[in-house]
Amino acid sequence: MFDPKVVKKDFPILSRKINDKLLVYLDSGATAQKPQQVLDAERAYYTQHNANVHRGAHTLGDEATQVYEEARAKVAQFIGGQTTEIVFVRNTTEAINLVAYSWGLDNLKQGDVIVSTLMEHHANLVPWQQVAKRTGARVEVVGVGDDGLLEMADYKEKLALKPKMVVFGHVSNALGTINPVAEMTKLAHKAGALVLVDGAQAVPHLSVDIGAIGCDFYAFSGHKMLGPMGIGVLWGREALLTTMSPFLTGGGMIDEVYVDHATWAELPEKFEAGTPNVAGAVGLASAIDYLETLGMEMVRNHDQHIVEYALRALSGLPQVRLLGTHNAKLRSGSVSFEYQGVHAHDVATILDSDGVAIRSGHHCTMPLHNHLGVMASIRASFNVYTTTEDVDALVQALHKVKVVFGK
Amino acid sequence: MDLYREDVMDHYEHPRNQGELSGEQVVSDQEKNASCGDSVQFFLDIHDGIIVKAKWRGVGCAIMTASASKLSEYLQGKRMSELKKMSEEALAKEGISFEVNPGRSKCLMLSVKAVKRLVA
């Protein structure tokens with residue numbers, strides 16, 4: 001396995017000091033830091049190849065198009081899809097909105113059911129609420145047990161409602177739960193539904209094979225997997241993307257335009273209106289190279305090791321109440337907890353004074369936090385540069401909370 | 001650390017003027033921070049344009065609690081017309097008198113917003 005201490009050296013920001021302490025970055029679930037290789041790739045694009053893609057017949061235009069399409073091919077190979085099925089978007093949220101509006105408005109009608117879950121990030125719930133409001137469909141939500149796992153019996157009951165679309169996260173951003181996505185997809189298909197998986201928290205840590213999952217749509221963001229902000233991916237089954245209406249319209253996504261109508265470009269351009277984020281795509285390809293050099297299996301092993309270590313270290317603190325399953329094998333990427341007697345925001349501020357960056361709040365999962373009866377929680381989240389020493393620094397800084405608050 | 005200095009922690013641990021007020025001269029308003037579930041409600045008992053009593057109730061972090069407590073002390077005896085002239089920032093500076101990082105300003109401003117609406 002790789003040494004995260006060596007990996008850390010590739011990330012310039014991780015040598016920054018915060019409040020005179022070396023930064024301990026435990027907020028990778030919100031966004032990951034970027035290695036020098038990714039920063040260099042983006043810079044090289046702008047300093048050497050920048051031009052608009054799929055347009056002018058000049059050398060730079062050709063080069064920009066080439067690096068953009070190479071990035072698409074790299075993403076396709078990374079998750080096991082076809083290049084025509086890879087749509088570049090801004091982020092996971094935009095990818096989900098694309099499907100909700102483009103597929104949803106054309107295919108949902110009064111009384112139809114969409115199934116989501118109680119542990120979804122707002123990005124995989126609110127767009128479906130909006131589309132339901134416009135079409136007369138309704139959203140049913142699968143419950144979460146005290147163990148932080150989806151209630152499978154409830155899932156089956158919801159599938160008995162014959163939903164048209166079933167959506168769920170691959171890995172929960174708040175609980176860290178890895179959902180059994182392949183099994184859930186199989187059941188949803190049997191019930192006649194399409195399946196969209198939010199992979200934002202999975203792609204950075206797990207080896208994702210779209211074919212093995214069997215879903216119809218898979219969405220993720222570049223910035224959580226060491227890539228730049230502003231680039232994300234929607235993978236969709238070609239047969240579905242072909243029949244769907246475009247989401248955004250304008251330049252770049254058309255075939256022919258007349259004053260009163262237009263026809264659409266082939267996939268995937270049909271879904272990429274306007275000038276795309278080419279530098280972002282190039283940066284994302286570089287991030288994939290970086291992860292593949294480490295090896296996704298090793299990335300997962302390291303993630304397991306850190307999650308297990310953090311669970312054990314935090315459960316030793318009497319004030320800490322861990323959220324989600326204690327079985328590290330069923331988790332990835334993060335550990336969330338309550339510090340009893342002290343508000344999460346106060347904990348965050350005290351940790352920050354020691355240079356420890358964590359997330360406090362509801363992590364864009366308000367329905368889940370309401371269900372858990374927790375106003376706001378604390379989340380420590382990890383990536384390939386996270387060391388056990390970082391977790392130790394968190395535990396050390398938590399002792400300071402006790403000093404300040406006497407609890 | 002500076003933010004959780006002695007007087008702030010004292011107001012957090014022993015909040016002043018907690019409770020409710022009722023009566024014809026009492027106005028009240030609530031402010032919530034959905035991002036963390038914090039909420040605060042202020043009650044002002046006003047006679048001849050002067051706040052004769054200010055109370056509040058709420059749940060939240062140390063910063064929210066201490067700022068509501070400090071502001072409630074500041075408000076006693078204040079003239080409504082003068083509070084009306086103050087900006088939110090001025091009211092925070094005068095009435096709460098401790099500063100927070102931008103990431104925590106919502107916690108501090110929750111009480112200020114509730115009070116500002118009452119004196120508007």
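Helix H5 (residues 126-135) of chain A lies across four strands of that chain, namely S5 (113-117), S6, S7 and S8. Relative to S6(A), the helix runs at about 150°. Helix H6 (residues 152-159) of chain A also lies across strands, in this case S5, S6 and S7 of chain A, and runs at about 160° to S6(A). Please keep in mind as you look around that this is a predicted model.

**The sheet under the helices**

Now for the strands themselves. In chain A, seven strands form an open sheet with mixed pairing, and their order is S4-S10-S9-S8-S7-S5-S6. Which strands sit at the edges? They are strand S4 (86-89) and strand S6 (138-142) of chain A, each of which pairs on one side only. On average, neighbouring strands of this sheet are turned by 20° against each other, with direction ignored. As a reminder, strands of a sheet pair through backbone hydrogen bonds, either parallel or antiparallel.

Several of the pairings can be followed residue by residue. The table lists three of them.

| Strand pair | Sense | Bridges | Residues opposite each other |
|---|---|---|---|
| S5(A) and S6(A) | parallel | five bridges | Ile114(A) and Val139(A) |
| S5(A) and S7(A) | parallel | two bridges | Val115(A) and Val166(A) |
| S7(A) and S8(A) | parallel | five bridges | Gly169(A) and Asp198(A) |

**A closer look at S5**

Strand S5(A) pairs with S6(A) and also with S7(A). Is S5(A) enclosed by the rest of the structure or open? Five of the five residues of S5(A) are buried, so the strand is largely enclosed by the rest of the structure. Its side chains split into two sets: Val113(A), Val115(A) and Thr117(A) point one way, while Ile114(A) and Ser116(A) point the other way, and all are buried. From S5(A), the chain crosses through H5(A) to S6(A), and this β-α-β crossover is right-handed.

**Aromatic pairs**

Over all chains, the structure holds nine aromatic pairs. One of them joins Tyr101(A) and Phe247(A): the ring centres are 6.2 Å apart and the planes are at 25°, so the pair is stacked. Tyr101(A) belongs to helix H4 (residues 92-107) of chain A, and Phe247(A) to the loop between helix H9 (238-243) and strand S11 (254-257) of chain A, so the pair ties together parts that are 146 residues apart in sequence. Tyr101(A) has 18% relative accessibility and therefore counts as buried, whereas Phe247(A), at 25% relative accessibility, counts as partly exposed.

Another pair brings us back to helix H6 and the sheet. Tyr155(A) and Phe168(A) form an edge-to-face pair, 6.3 Å centre to centre with 85° between the planes. Here Tyr155(A) is in helix H6 of chain A and Phe168(A) in strand S7 of chain A, 13 residues apart, and the pair links distant parts of the chain. Tyr155(A) counts as buried at 1% relative accessibility, and Phe168(A) counts as buried at 0% relative accessibility.

Which residues do ring pairs link into a cluster? They are Phe11(A), Tyr290(A) and Tyr385(A).

**A charge over a ring**

Finally, here is a contact to look up in chain B. The charged end of Lys78(B) sits over the ring of Tyr74(B), 4.2 Å from the centre of that ring.

Key. Residues are numbered from 1 along each chain as its sequence is written. Chains are lettered from A and ligands numbered from 1 in the order in which they are written. This is a predicted model: local features need pLDDT of at least 70, side-chain atom pairs count only at pLDDT 80 or more; totals for chains, interfaces and linings use all residues. Side-chain values use heavy atoms; hydrogens and water are left out. Two strands pair if DSSP finds at least two bridges between them. Axes are lines fitted to C-alpha atoms, for helices over the stretch in contact, and angles run from 0 to 180 degrees between N-to-C directions. Contact means heavy atoms within 4.5 Å. Buried means under 20% relative accessible area, exposed over 50%, partly exposed in between (1.4 Å probe, protein chains only). A crossover is right-handed if, with the strands pointing away from the viewer, the path from the first strand over the helix to the second runs clockwise. Rings of Phe, Tyr and Trp (its six-membered ring) pair if their centres lie within 6.5 Å; planes under 30 degrees apart count as stacked, over 60 as edge-to-face and the rest as tilted. A charge sits over a ring if NZ of Lys or CZ of Arg is within 6 Å of the ring centre and within 35 degrees of the ring normal.
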